[in-house]
Amino acid sequence: MRKPIGKVTEAEEEVVVLKVAPPLSPEMKITVEGGLEKADGSGGGEEELFVPPLNFAMVDNGIFRSGFPDASNLSFLRTLRLRSIIYLCPEPYPEANEEFLKSNRIKLFQFGIEGCKEPFVNIPEDTIREALKVLLDTRNHPVLIHCKRGKHRTGCLVGCLRKLQRWCLSSVFDEYQRFAAAKARVSDQRFMEKFDVSSLKHLSTSFSCSKR
């Protein structure tokens with residue numbers, strides 16, 4: 001025989017109310033304090049939630065990766081307290097981004113790699129090697145690596161770092177494919193597979209969480 005369902009107490013009603021949140025309408029946005037504010041700025045007046053760049057992720061202690069940061073991402077980048085940015089595109093850095101770097105004393109290291117599509121992809125090994133030297137120097141940390149989408153050029157540099165950290169190739173490729181998704185390139189993976197890290201093994205990776 002089924003037991004009768006008891007009445008819901010006021011405390012239980014309160015729990016239900018706290019757990020169920022209404023969906024956000026298009027004219028609303030989330031704020032830092034978790035409140036809601038209308039797109040026109042009314043209704044709360046709290047600060048906006050920080051917005052990370054496309055494909056943003058932590059690579060290791062003091063190392064981050066992403067796509068190209070735009071104006072909406074700069075407040076988020078400020079929270080990282082970056083010392084440097086490794087920029088892997090040949091195009092000049094936008095003026096607004098340069099001003100951000102100056103005002104926050106962030107050093108820009110530009111390694112211009114052309115963003116070609118297969119079968120014309122050419123990742124210059126010497127450029128990646130020089131970028132790795134900057135990346136491994138803890139005096140440049142915290143550091144953000146980015147290209148345009150945070151997929152191919154950034155993925156190759158991170159993949160070569162992983163080889164230096166003695167990751168197996170299957171794990172290197174898994175990480176690359178997680179960011180490149182349907183845009184993954186066989187040529188990029190071939191480059192990472194053949195990249196020789198022997199000349200960089202004298203450089204320290206003591207910052208790595210794998211060493212802790």
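**Questions on a predicted model**

The chain of this predicted model holds 7 helices and 7 strands.

Colleague: In what pattern do the helices and strands follow one another along the sequence?

Modeller: The chain has 7 helices and 7 strands to place in order. Read along the sequence, they give the pattern α-β-β-β-β-α-β-α-β-α-β-α-α-α.

Colleague: What percentage of the contacts between residues at least 6 apart in sequence join residues at least 24 apart?

Modeller: The chain has 212 residues, of which 39% count as buried, and its accessible surface comes to about 13,300 Å², with 53% of that surface belonging to carbon and sulfur atoms. Among contacts between residues at least 6 apart in sequence, the share that joins residues at least 24 apart is 61%.

Colleague: Which residues have the most contacts inside the largest nonpolar core?

Modeller: In soluble globular proteins, nonpolar side chains tend to be buried together. Here the largest nonpolar core has 47 residues. Those with the most contacts inside that core are Ile86, Ile128, Leu132, Leu135 and Leu157.

Colleague: Which elements are included in what covers the buried residues of H4?

Modeller: Helix H4 takes in residues 125–136, and its buried residues are Ile128, Arg129, Ala131, Leu132, Val134, Leu135 and Leu136. Leucine 132, one of these buried residues, touches Leu157, Cys160, Leu161, Phe195 and Leu200, when residues up to four places away in sequence are not counted. What covers the buried residues of H4 includes the strands E4 (63–66), E5 (84–87), E6 (107–110) and E7 (143–146), together with the helices H5 and H7 (186–194).

Colleague: How many Å apart are the end C-alpha atoms of helix H5?

Modeller: Helix H5 runs over residues 152–164, and 13 of its 13 residues are buried. At 1.5 Å a residue, these 13 residues should span 18 Å, so the helix can be checked against that expected span. The end C-alpha atoms agree with it, being apart by 18 Å.

Colleague: Which residue follows H5 with a positive phi?

Modeller: H5 itself is mostly covered. After the helix comes a residue whose phi is positive, near 70 degrees, and this residue is arginine 166.

Colleague: Is threonine 154 buried or exposed, and which backbone nitrogen lies 3.2 Å from a polar atom of its side chain?

Modeller: Threonine 154 is found in helix H5, and because its relative accessible area is 0%, under the 20% cut-off, threonine 154 is buried. Leaving out residues up to four places away in sequence, threonine 154 touches Arg65, Ser66, Leu88, Ile145, His146 and Cys147. The backbone nitrogen that lies 3.2 Å from a polar atom of the threonine 154 side chain belongs to cysteine 147.

Colleague: Which residue of E4 is the bridge partner of alanine 57?

Modeller: Strand E3 (residues 57–60) is joined to E4 by 3 bridges, and the two strands run antiparallel. Their hairpin has 2 residues between the strands, and in it glycine 62 takes a positive phi near 80 degrees. In E4, the bridge partner of alanine 57 is arginine 65.

Colleague: Which residue's side chain is joined to that of aspartate 60 by a polar contact of 2.8 Å?

Modeller: Aspartate 60 is found in strand E3 and is buried, with a relative accessible area of 3%. Its C-alpha atom is separated by 8.0 Å from that of phenylalanine 207, although the two residues are 147 residues apart along the chain. Leaving aside neighbours within four places in sequence, aspartate 60 is in contact with Arg162, Gln165, Phe207, Ser208 and Cys209. The polar contact of 2.8 Å joins its side chain to that of glutamine 165.

How values were computed. Residues numbered from 1 in each chain as written. Heavy atoms only, no water. Helix = DSSP H or I, 4+ residues; strand = E, 2+ residues; numbered from the N terminus. Buried < 20%, exposed > 50% of the residue type's maximum accessible area, 1.4 Å probe, protein only. Contact = heavy atoms within 4.5 Å. Areas by Shrake-Rupley, 256 points an atom, 1.4 Å probe, with all protein chains shown as cover. Expected span 1.5 Å × (residues − 1). Core = buried A, V, L, I, M, F, W, Y, C linked by side-chain atoms within 4.5 Å. Pairing = 2+ DSSP bridges. Polar contact = N/O pair within 3.5 Å; in protein donor to acceptor, adjacent residues only side chain to side chain.
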